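Reader: I would like a close look at one helix, after a few words on the whole.

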Amino acid sequence: DRIRRQNYYYIDKTRFIERIEDSQRYLFFIRPRRFGKSLLLSLMECYYDIKRKDDFEELFFGTYIYEHPTEERNSYLILKFNFSAVRSDINEVEDSFNNTIRLNVLDFIEKYKDLIKDTDGEMYRTIKATKQASEILKYLVSFVKNKGKIYLLIDEYDNFTNTIISSQGKERYMAITHGEEFYRHFFNVIKWGTAEFNAPISKLFITGVSPVTMDDVTSGFNIGDNITNAPSFNEMVGFREKEVLSMLDYYKHEGLLKETSENLIEIM
């Protein structure tokens, strides 16, 4: 929300919210680094978070979705993970992953404690004492059931696995993504959380740079829809040349660029 509150330059991508809602409930989307995937998830978090209902006008005024809001606006509990925080050292990766999940889930419980009825802190203490990420998620899903709908957002899901396979080799990579190892089992719990009757994980959006890890940990991500190559989502992240030209013209007008927009485009 810093972009909107501090008046940064923003190219409106909010029209894609409608397209996301018209798709399957569990989505997977990959693009190279620095394309704006994390910003997309931040947009979704601000739009769907039930706790940010009062921020809607400030954050979205002037955008497409402000004029065309959907029924699902600000109606979810947002559980968000960013796996770029996980260490890729093979001797530390599991502990780092467990700690990352635990901290994010504790933040979730603290944020929504009034809505999920953890006012006495019992669930918070249980999660804090639980070591395995899959068990943490399982406890959370069971506790939240019938108390709210979770929108699970996972950013850079393959950040640490790509580092492991490129720097430490395929054997070590397979040690954490195959069989009953911790990372694969974590995705099994996600699937369980979407398949339960009145499942608390109502929607899921995962981003990364490659489908390789997803194929390995979930047998082809068989609970959802890979929208990576769908033409209707081609412009959901990244910029068109016309948009870049408009941006360059703006900064040229503000006196921040010396080159012409055309020359800069040619250099790019």
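What radius of gyration does the protein have, and what would a compact globule with 268 residues have? Then, which residues are buried in helix α10?

Author: This is a predicted model, in which local features need pLDDT of at least 70 and side-chain atom pairs count only at pLDDT 80 or more, while totals for chains, interfaces and linings use all residues. Residues are numbered from 1 along each chain as its sequence is written, and side-chain values use heavy atoms, with hydrogens and water left out.

The protein has a radius of gyration of 20 Å, which agrees with the value near 18 Å for a compact globule with 268 residues. That radius is taken over C-alpha atoms, and the globule rule is 2.2 Å times the number of residues to the power 0.38. The C-alpha trace spans about 55 × 45 × 30 Å along its principal axes. There are 14 helices and five strands, which are DSSP runs numbered from the N terminus (helices H or I, at least four residues; strands E, at least two). Of the 268 residues, 46% are buried, meaning under 20% relative accessible area with a 1.4 Å probe, protein chains only.

Now the helix. α10 covers residues 170–177, and its buried residues are Y173, I176 and T177. They lie on the same side of α10 because they cover an arc of only 95 degrees around the axis, taken from the directions from the helix axis to the C-beta atoms. An α-helix has 3.6 residues a turn, so residues three or four places apart point the same way.

The buried residues of α10 pack against α6 (93–112), α9 (159–167), α11 (182–195) and α12 (212–218); contact here means heavy atoms within 4.5 Å. Just after α10, G179 has a positive phi of about 60 degrees.

Methods:
Buried means under 20% relative accessible area, exposed over 50%, partly exposed in between (1.4 Å probe, protein chains only).
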